[in-house]
Amino acid sequence: MMSSINLNAVTLDYWLYSVKAQSVRNAVFNLAVGGKLFKAGNDVAVLRALSNITFNLTDGDRLGLVGHNGSGKTTLLKVLAGIYEPEQGSVSIKGRVTSMIALGAGLDPEVSGIQNIRNLGTLMLISRKMVEERLDSIIEFSELAQFIHLPVKTYSAGMLARLMFSVATELDPQILILDEWLSAGDAAFNVKAAGRMSRIVENADIVVMASHSPSLVKQVCNKVAVMESGQMVFLGGVDEWVDRYGDPDVKPPPVPGH
């Protein structure tokens with residue numbers, strides 16, 4: 001079965017209550033998310049986080065999402081990962097999805113790292129047999145050693161990231177959803193993880209990644225989407241993106257006298 005992602009006119013709203021009592025906080029939230037606020041009745045407003053997003057991806061596509069913080073990149077990734085249900089439009093995905101977006105998402109803090117590996121495998125629709133076959137490899141790669149037997153609520157942020165990264169990249173995703181390229185732990189672990197990530201990206205059917213690194217987007221992706229205020233204002237090939245927006249890796253010449 002060929003993997004595919006099809007979004008048609010996807011719109012996502014956040015409903016904000018007690019607007020009058022929290023007007024300052026809501027205004028800041030509006031600016032941070034980059035969407036548009038609409039009044040929806042007494043003391044209620046709607047923040048439009050995504051507006052009319054349409055695109056199609058098939059086997060071999062690597063889509064890079066670019067844009068300023070709050071432009072809607074992570075929100076779109078969460079729709080693709082099934083975390084958010086769109087207010088309008090449709091999402092059709094064929095293929096097993098693995099997402100690395102929110103640190104700790106899908107983890108049960110009260111149970112051990114080993115049990116969370118099994119839980120994450122279930123969420124990813126991986127058979128219990130396959131998870132058990134890969135269990136030792138996941139633990140070894142994570143470098144958690146004896147900590148794998150402790151509840152994950154005792155883990156540091158770096159340990160949580162290493163656990164989630166090790167599970168997600170061990171189980172051969174067909175569709176890989178990434179928020180930033182790599183933030184799996186300390187520098188030494190990141191070097192090892194980068195090699196594995198390169199292999200995963202190469203072997204996955206479809207990759208959708210948000211990144212602030214233009215060099216990485218040009219290196220990995222064949223398509224680029226530019227996000228602004230919850231809208232996809234550009235979607236095309238990498239060369240077309242560079243032609244329209246300029247090569248982000250080429251620094252402009254210095255201004256004389258400066």
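Reader: Why are α5 and α6 called roughly parallel to each other?
Author: Their axes cross at roughly 25°. Angles under 35 degrees count as roughly parallel, over 145 as roughly antiparallel, 65 to 115 as roughly perpendicular and the rest as oblique. The crossing angle of α5 and α6 falls in the first of these classes, and they are therefore roughly parallel. The axes, which are lines fitted to C-alpha atoms (for helices over the stretch in contact, with angles from 0 to 180 degrees between N-to-C directions), come within 10 Å.

Reader: On what kind of model do these values rest?
Author: The model is predicted: local features need pLDDT of at least 70 and side-chain atom pairs pLDDT 80 or more, while totals for chains, interfaces and linings use all residues. Residues are numbered from 1 along each chain as its sequence is written, and side-chain values use heavy atoms, without hydrogens and water.

Reader: What makes the crossing of α5 and α6 left-handed, and which residues meet there?
Author: A crossing is left-handed if the near helix is turned anticlockwise from the far one by less than a right angle, and right-handed if clockwise; α5 passes α6 in the former sense. Contact means heavy atoms within 4.5 Å. Among the residues that meet are Arg162, Phe165 and Ser166 of α5, and Phe189, Ala193 and Arg196 of α6. Helices (H or I, at least four residues) and strands (E, at least two) are DSSP runs, numbered from the N terminus.

Reader: What makes α2 largely enclosed by the rest of the structure?
Author: Buried means under 20% relative accessible area, exposed over 50%, and partly exposed in between (1.4 Å probe, protein chains only). Seven of the eight residues of α2 are buried, so this helix is largely enclosed. The buried residues include Lys73, Leu76 and Leu80. The helix lies across β4, β6, β7, β8, β9 and β10, at about 150° to β7.

Reader: Why do Ala9 and Glu143 count as partly exposed?
Author: Ala9 has 25% relative accessibility and Glu143 has 43%, and both values lie between the limits for buried and exposed. Ala9 is in strand β1 and has a positive phi of about 55° although it is not a glycine. Glu143 is in the loop between α4 and α5, with a positive phi near 60°.

Reader: What makes β6 and β10 the edges of the sheet?
Author: Two strands pair if DSSP finds at least two bridges between them. The open sheet has the order β6-β7-β8-β4-β9-β10, with mixed pairing. β6 and β10 each have a single partner strand, so one side of each is left without a neighbour in the sheet. Neighbouring strands are turned by 15° against each other on average, direction ignored. β6 and β7 run parallel and are joined by four bridges; Ser99 stands opposite Ile177 in β7.

Reader: Which residues touch the most other members of the largest nonpolar core?
Author: A nonpolar core is a set of buried Ala, Val, Leu, Ile, Met, Phe, Trp, Tyr and Cys residues joined through side-chain atoms within 4.5 Å. The largest has 27 residues, of which Ile5, Ile53, Phe55, Leu76 and Val208 touch the most other members. Among the elements that each supply at least two residues of this core are β1, β3 and α2. Apart from this core lies another, of 25 residues, including Phe165 and Met209.
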